[in-house]
Amino acid sequence: MIFKGWELFLLILGYLSLLFVIAYLAERREKVGMSIVSNPYVYSLSLAVYCTSWTFYGSVGRAASSGFSFLTIYLGPTLMAALWAVILKKIISIAKKNRITTISDFIGARYGNSLFLSALVTLVAVVGITPYLGLQIKAIISTLTILAGQTKGMAAAGWYITFILGVFAIIFGARRLDASERHEGLIFAIAFESLIKLIAFLLVGVYVTYFLFDGFTDILERIKDSEFGDLLFVGTGTQVSYMEWASLLFLSMMAIMFLPRQFHVAVVENSDIAHISKAMWLFPLYLFLINIFVMPLAFGGLLLGGRQADADLFVLTIPLGQGKSHIALLAFLGGFAAATGMIIVESVALSTMVMNHLVMPAIYRFHDMQGFPAIILNLKRIVIMGCVFFGYVFAVSIGEFYSLVDIGLKSFEAMTIFAPSIILGLYWKRGNKAGALTGITAGFIVWFYTLIVPAMLKAGIIGEHGFFSMLINSFVLNPHALFGLRGLDKWSHSLFWGLFFNLFFYVGFSILTKQGSEEEKQSLIFVDSYSPQTLPGRADYTLQEIEAVLEQYLGRRESREIIEGFLLRNQLLREHLTPLILSRLRDEALRILSGSLGSAIATIILEDKLLITEKERGDLSHSIKQMTDTLRLSRQELEEANRSLAYLKEFSENIIESAPAGIVTVDASMNVTYWNKEMESITGIRKTAAQSRTIFSLMPWVRPDTFEKNEQREITIRTPSQQFFKINISPFTDPSGGFVVIFEDITEKKKMEEQLVQALKLASIGKLTAGISHEIGNPLASISSLVQELRSIPVESCSEKNFFSDSLSTINNHIERIARIVRSLGDFARLSTKEKIASNLQEILERTISLVRYDKRFKDIDLKTEIADVPPMRVNPDQIQQVFLNLMLNAIDVMPNGGRIDISMNKKGDIVEIGFHDTGPGIDGTIIDKIFDPFFTTKPLGKGTGLGLSICYGIIKEHNGTITARSEKGAGTVFTISLPVN
């Protein structure tokens, strides 16, 4: 099915309108303090703006002509992502501290806030990125042509679409002079587009791989046996050499860091530096998913009869060729999303660079002109439109002669020009402005001469004749073999000479020329991450002056909102502003102007407006010089101290990580900032999952009032899982607050203490009862004999006889009770003297039940048993029977009016469990922990000795088992005996 032009045009308008609505909603949420953008997932998806129409269409074309070489464009970013924790975090930290909003700002700030260097970087970026913008527009025009089925009017359609994209870029990036440095609506729209292009590409890939072919294996087997079999290999004798593979890998590593749009989304739009940790694996995962079907699509298109020259559009032409117009339309939408995301972000980033470093330096002195903020805003809109149409001109003039990948790689090479100045500038203090200027200039000249000049020749823009013909065909200045170096592919050739001259001039001039004082200060800020402290001094500027400056460049309404917002946040009144507060307000104004005009121009504006006296300027300059000299002299000592501190830090961290106790640090908001390995063992929560979460959400059994007292203390906590922890809490002395919390698991220690206490009780009473049994045994025998003799004495009267007989019966009953106590005490004292033999627990239980049945109270008891087969065990059968008997008689005692006893026996692993469950009144929860203590009883006075359960506890303990009780008032009691099989 061929689509009509107006249908496609409406689809494009509808999609762009959806993007605008999404961006608008995101900005609305941000304004009410409910950001949906400030999270690592949206941040990672926004980084996927790296995947443009080159990825969506060009990777398939590259795979169809050069095999696996397309992977280098994605392996490079994956490798670089592993270094983000070192490089990207440092760049973001520096950018946020120094109010940097573009890559040209970053380079200019590093080398003494050089406006000239920033302007040079901007020019290189604009020229270098133009082919990349042209690539996106070329992809849109080409896909429209295929879907519409005609070429007539496509150039005009491309012009209109370019204009619409320019308008939408203005809506996203220049709707107003934004006082903030971040654009949450733009980022959320880009994240949404990243999802659209991923889903579209995966759906087309699944259709081709599993519906047109029988999976990956089928496609690979067929291509191996075809004329395109060499695409499966890399190296000598194939389309791609190892040198080209390595060069493309390096180019993509630099591109992911230094493309203006990547710098914008990764650095400027970063809301939390902690998001990088997740982005380090989420972004490579995205790259893997969007490339998983590239080879099947490329090989599938070739196997279906497609030409390698047309492979860029296989994603679209394969579904169309199979009559699946709806899949083709979805593919078009995915490719359009890939292209528009890049165009919008890149044009916003480039326009900011052009405005801050080319336009504003030329016009900022006309700030007194009426409506100056509106002039700035309209100029920015014109610049955005110019950047987009610059790409369109390239697409229609030169783009048709090159594939999408070739165009994109030219831009990658151009952005590599910035690598030495940025990377060496971050780690080498001696790098200076002269080195950066000459290095970037040399790199740009080589790039232009070796890549752009051949492209212009091929397009016929310049002719190969006369002096120019002699130049490019000479041995030394041949753009394909510069200085006679032959045998390299064009990417490796341009990269080699560009990097060589770039590094040569950068390092050479940095060594041979001296840094200025401003450059020295900036090198400390960038290399050592030094943050100079602002001293308030005298505030020779007023609130009205600061407000007037903001009003001149941002407009009256924006200026008033900024001032009122500052006063509201700090709870201040206009009439009561101290010099220190005015100094802070000036810094706030500088930050805001930097976001809109660039840091260099913002600094110049405020220095011109908020003047200090010449004497103060001289004193300040002298002080800075003294500080610089001092810093230079003490640099060696600082480096030595830094090494010592690094060693001490590593040593301390090793000790903390290997400590046998769990160690946690939390900030004033109770969010975890450190979590050692032992804490992972204690809680099962990994360090990465614990970071930045509150300690109460990770360990609910830690109460908030534990930290109410801001003093060192030690407490013991029992968890719901019956674990015991000794917790040592020490507050930080730092004013920002927080605590160091040490967790020591003392569960085993507590158990041993409880066992020891119980054993000591039993041992003490055992010794006591052994003596009591011996001492009162003989007198009891004598008393018993005496009573028997008294019974045999005749009495004369009937009343005397009755009294005499009743008295003797009472004495005898008391003696029998004493005898029972003595027997119990004797048994209790002899617990560990009896031999253990292999016994059948089922038989012991059955004997016990038979014995209990003789009790007259048993007739009202309903006995239920559930006995499983258990192996013979080495126990003392008499002692175990005593335990069973005691538990059953106790159950009968608490159910005088009848009830039910459930007895169970089963094997669980290496443990045999025997349960006794009665339906009696239950035991109060306040005393249930005491029922195994000697002489403790719940029976009425005279009805029990309080030794029965204590003896049971001792017997089971001697058998290396446990006995526990569980009860609820009114719901009966359950005694559970656990005995080890071995």
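## Briefing: the E7–E12 sheet, its helices and the nonpolar cores

Strands E11 and E12 make up a hairpin in which five residues lie between the two strands, and Gly970 in the turn has a positive phi of about 90°. The model is a predicted one, and the points below start from this hairpin, move to the sheet and the helices, and end with the nonpolar cores.

**The hairpin and its pairing**

- E11 is joined to strand E12 (residues 973-980) by six bridges, and the two strands run antiparallel.
- Within this pairing, Thr962 has Ser978 as its bridge partner in E12, while Ile963 is partnered by Ile977.
- E12 also pairs with strand E10 (residues 911-918), in the antiparallel sense and over eight bridges; here Val912 stands opposite Leu979 of E12.
- Strand E12 is mostly covered, with seven of its eight residues buried.

**The sheet as a whole**

- The hairpin belongs to an open sheet of five strands, ordered E7-E9-E10-E12-E11, in which the pairing is mixed.
- Strand E7 (861-867) and strand E11 (962-967) each have a single partner strand and stand at the edges, so one side of each is left without a neighbour in the sheet.
- Neighbouring strands of this sheet are turned against each other by 15° on average, with direction ignored.
- In general, strands of a sheet pair through backbone hydrogen bonds, in either a parallel or an antiparallel manner.

**Helices H36 and H37**

- Helix H37 lies across both E11 and E12, and runs at about 140° to E11.
- The axes of helix H36 (residues 877-893) and helix H37 (residues 948-958) come within 9 Å and cross at roughly 145°, and H36 passes H37 in a left-handed crossing.
- On the H36 side the contact includes Ile880, Val883 and Leu887, and on the H37 side the residues include Leu949, Ile951, Cys952 and Ile955.
- By class, the contact of H36 with H37 has eight nonpolar, five polar and one charged residues.

**Nonpolar cores**

- The largest nonpolar core has 170 residues, and those with the most contacts inside it are Tyr50, Trp84, Phe412 and Phe418.
- Helix H16 (residues 325-363) supplies the largest share of this core, namely 19 residues.
- Phe418, leaving aside its neighbours within four places in sequence, is in contact with Ile103, Ile107, Val121, Val124, Ala125, Phe258 and Ile440.
- A second, separate core of 40 residues includes Ile880, Phe916, Ile928 and Phe975.

Definitions and conventions. Residues numbered from 1 in each chain as written. Predicted model: local features only at pLDDT ≥ 70, side-chain atom pairs only at ≥ 80, totals over all residues. Heavy atoms only, no water. Axes fitted to C-alpha atoms, helices over the stretch in contact; angles between N-to-C directions. Helix = DSSP H or I, 4+ residues; strand = E, 2+ residues; numbered from the N terminus. Left-handed = near helix turned anticlockwise from the far one by under 90°. Contact = heavy atoms within 4.5 Å. Nonpolar A, V, L, I, M, F, W, Y, C, P; charged D, E, K, R; others polar. Pairing = 2+ DSSP bridges. Core = buried A, V, L, I, M, F, W, Y, C linked by side-chain atoms within 4.5 Å. Buried < 20%, exposed > 50% of the residue type's maximum accessible area, 1.4 Å probe, protein only.
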